[in-house]
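Hi,

Here is the structure I promised to pass on. Have a look at it first, and then read my notes below.

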Amino acid sequence: MEQLRTIGRELAMGSQGGWGQSKEFLDLVKSIGEARSKAEEDRIIARELEHLKRRLADPDVPRRKMKELLLRLVYAEMLGHDASFGHIHAVKMTHDESLPLKRTGYLAVALFLDERHDLVILVVNTIQKDLRSDNYLVVCAALTAACRLIGEEAIPAVLPQVVELLAHPKEAVRKKAVMALHRFYQRSSSSVSHLVSNFRKRLCDNDPGVMGATLCPLYDLILEEPNSYKDLVVSFVNILKQVVERRLPTSYDYHQIPAPFIQIKLLKILAVLGSGDKQASGHMYTVLGDIFRKGDTASNIGNAILYECICCISSIFPNPKMLEAAAETTSKFLKSDSHNLKYMGIDALGRLIKINPDIAEEHQLAVIDCLEDPDDTLKRKTFELLYKMTKSTNVEVIVDRMIEYMINITDHHYKTEIASRCVELAEQFAPSNQWFIQTMNKVFEHAGDLVNIRVAHNLMRLIAEGFGEEDEGADSQLRSSAVDSYLRIVGEPKLPSSFLQIICWVLGEYGTADGKYSASYIIGKLCDVAEAHLTDDTVKAYAISAIFKIFAFEIALGRKIDLLPECQTLVDELSASHSTDLQQRAYELQALLGLDKNAVESVMPADASCEDIEVDRNLSFLNSYVQQALENGASPYIPESERSGVISVGSYRSQEQQETSSHTLRFEAYEMPKPSLPLATSQTSMSTPTTDLVPVTEPGYYKEDHQTSKSQPPGDAVSGEFGVKLRLDGVQKKWGRPTYSSSTPSSLASSQQTTNGASHSDGGGSSSQPRESSYGSKRQQGTEVSAEKQRLAASLFGSAAAKADRKAQASRKTAKDSPSTEKVATTNVTAQPVKEQVIPAAPPPDLLDLGDEPVSSNPPSADPFSQLEGLLGPASAAPVLSGTPATSTSKAPDLMSIFSGDVPTGVASGSTDPTLGDVNSTSSHKGATAVASKKGPSLQDALQKDATARQVGVTPTGNNPNLFKDLLG
Amino acid sequence: MIQAVMVISTQAKPRLLKFYNFQAPEKHQDLVRSVFQLLSASPDSVSNFVKGTKMVYKHLATLYFVFVFDSSENELAMLDLIQVFVEILDRCFRNVCELDIVFNFNKLHTILDEMILGGQVIETSSEQVVKSVEEIERLEKQSSTTSFIPKSITERFTR
């Protein structure tokens, strides 16, 4: 132990340092020094802290002892232990009369606390008092503490005294008062702004120390607004001149250089003031020239001044003579052996080339030396310089160097920075596309995961689009060279994901374009990539898409190709992947293989990745289909915004919460089940559009009423009435005998809605039904209805709708082959009755027993729902109204149409209606079946999907590339 | 502005910590550790500037003297400020060693307070600093001799 060896000496010295500590402290330090482990050290200090705690609280401890105790506490805290119990003692000690104690108290307080600490309020008063003290040391201690502890609110309390102290006879006090004022200015410039002129006054202080200290606040002020201090330029230049001419007391000399720190500060200030100001700069040239002439390059501090001088010259209005001197000094720095000086030289060069880029040329070799230096700090600085120096003429060398350096960096953050700089320079100055692509390849190879993915996409686009002005031949040459290089690289291990994506994409698009490589060769490579990166779904997706494209191109060319065994394995594996995206790609690939040439060509046109795709957002191509559906009696689509009871997905969560809390508060009535109503009934009901106005009494209509009450525009009195009635019904039922007629299957559905929480989408809802239905029937007995609850319900079902909507979308994606699902999917256009047809109806006759009724398997459970839909039919007969294309929005009373509008979209979107809930679940069932059916290959599907994938862009993993699929179909 | 002054032993023990922007005591050890990692990573031959954090250090005997600061300070000048600081220590302790610093860290604080206040350099003349530190010392001794009687005894007097 180093310390122990000197401990004897220390003991011999006794209190030679002046403030000798007791033996206890010595022992503490010694035992800590001897501690063999961190744990042991911690134990020692914990013991010490216990001891200190006891002693500090002991009133009989002599005050001088207190000082030492507090210092030991500071020591313990410095070693990282909590000494917060002692903070109050430190505060107490600042009140002490005796100077050493007071100073120790202030020291501890300044180390322990900050301005936000609760105890500071106790100190502010003491500071205030001490600032008035006769003893200048007390004042100094108070000022030191004030710098640390006076926050914005406390500034006014001490400000007058501090300003007074600016004229204190002792220079040490003036100095500290200046700094305190500066500190206040930093904390809250507004509360001190009227006192800023004091700094100017202090600049003329007789004491050079005070003047030097004043430069600090002035520098900050000048940085903020240089223009209001232009008048000081002459003063600063004069001061600097005097300093350089050794007019200051020799005590300010440091290594035979007059007041170097003051010189440096002045140079910094002049650099700011002279920036872009020819007149101000004019005053400075002489003194700067003097400094260069007298410059002492032998000592460290002399170089510091010279460096600051260079900074100043590069900042002020340029003067050729000065620049020359600066360049000369810079070259001295660069040639020096000292790393520090080289570092400064590189930095200085970076500043100078901004003014005159030619200066760099003569230092090329020196710069290259720095690049090869083992010192990383210097290297980084040099790369910074190179980055600034890059032009189209030297970009190749510089970027190559940077990449070389980048490869070996381990620091993640810095590597990212260098990589992005490489990319930036390459994009900006690339001499040729060939070079650009090669460079980017290198960057991606070594830092691919650190580079913004956007860069990868840019590269792909560049390869695909070619380079505009050049002819096709050059483009294709470029592509084939890219393919060549990628085929070389692709086998290497540990390539970053984004680079592999590029490789796959390029190989897929252009691998076979020039006929150099056979399709099976490329496909083999791609299969290898996919196999080697089992965990990276994105890469696999890129690979399979690339294979897909190659097959498509081959087929389009009329060639016959066989599925390689490895490719087959890959496809099989992906078909069973957990990722539905990969699955789909695999199935699409299989589907493609069965298509004929023409179909493939239209699905996958060669080299069409850059073609713009026009997306028909209005889906106008569906118009005829819609029209037809409307003519057949479908209800028109109602935009979501105009739909009632639909709440945006955004508020979904809160709704869900409400949903759970509203558990017992069901108030809508449930529909009575009727023996299966075939499509016919619904159609007939459609023909009687007025039914919706009648129904109040009929339980079957409750839901509608409810719906209307919710959905109605505020002005609509009739529907409002409806709503009220509905509620009354609910209330009655709550306490009255359960009216079974109204409950029944619908209750079942509703229960599912609420109890399951958000589980409408739960495909296996059937299993939970028996339980829930009983639950539901109980609830269905009604509850008290309040407006609040109604709102609650609205939000509840709104959420359900939102979810359902999503579901519908999802199912739409996969639909296609099964007609029923397709209907769900395209619900916007299809009329519900059609759907009902599809589902075989099996009405549960006994509603009461529903609870006990074993509904074990999916299909039966689905049936009751369809039943309900049947019921819905007549109820929603109103929708027939909507058979006319007029939008429901215009007709407020046309509630039914709103309602019916909901149903299709929806999977029963917004409705509170239990039956609709059923629809929900049925549709989700269908969704499930649709998913299942999706597993089978479906050609059209696959092709469209791929087409869309291509449309969406080069990223096959785009969020939902299939959105347009149905529409395309 | 100077953010912090640290004296750290070669065994990573902090000997003096002074932060000019308040850092919670809990954070101190982390800062010391990360600074020490930087220090110990660089071989002696390379430059004393560590980029990014802008810190300058000197390795003297068993101690690292570290100044952490922002871009408004000149690196070389900071390096010399460390030199000034060490020279002052040497004058105050006559042949300063690590133990002097351990035992008298409060004196180091006094010295630093004379040199740097609120993160700004207020005095760069070692002579001036030594003079004022000696004066403080003298006055403290004076006052401590005049007010030596502990409270409990004083109370007895008053009774």
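To start, is A:F25 buried or exposed? With a relative accessibility of 2%, A:F25 counts as buried. Please keep in mind that this is a predicted model.

The aromatic rings are a nice place to begin. Over all chains, there are 12 aromatic pairs. In one of them, the ring centres of A:F25 and B:F105 lie 6.5 Å apart with their planes at 50°, so this pair is tilted. The pair joins two chains, because A:F25 belongs to helix α2 of chain A and B:F105 to helix α4 of chain B. B:F105 is buried as well, at 1% relative accessibility. Ring pairs also bring A:F25, A:Y75, B:F103 and B:F105 together in a cluster.

Now for a pair within chain A. The planes of A:Y486 and A:F499 meet at 75° and the ring centres are 5.9 Å apart, so the pair is edge-to-face. A:Y486 sits in helix α26 and A:F499 in helix α27, so the pair ties together parts 13 residues apart in sequence. A:F499 is buried, with a relative accessible area of 0%. Helix α27 of chain A is mostly covered, with 14 of its 14 residues buried.

Rings meet charges too: the charged end of A:K170 sits over the ring of A:Y136, 4.5 Å from its centre, and A:R421 lies over the face of A:Y387, at 4.1 Å from the ring centre.

Finally, find B:K58 in strand β4 of chain B. B:K58 counts as buried at 18% relative accessibility, because the cut-off is under 20%. Its side chain makes a polar contact with the side chain of B:Q83 (2.6 Å).

Enjoy exploring!

How values were computed
Residues numbered from 1 in each chain as written. Chains lettered and ligands numbered in written order. Predicted model: local features only at pLDDT ≥ 70, side-chain atom pairs only at ≥ 80, totals over all residues. Heavy atoms only, no water. Buried < 20%, exposed > 50% of the residue type's maximum accessible area, 1.4 Å probe, protein only. Helix = DSSP H or I, 4+ residues; strand = E, 2+ residues; numbered from the N terminus. Polar contact = N/O pair within 3.5 Å; in protein donor to acceptor, adjacent residues only side chain to side chain. Phe/Tyr/Trp six-rings, centres within 6.5 Å; stacked < 30°, edge-to-face > 60°. Lys NZ or Arg CZ within 6 Å of the ring centre and 35° of its normal.
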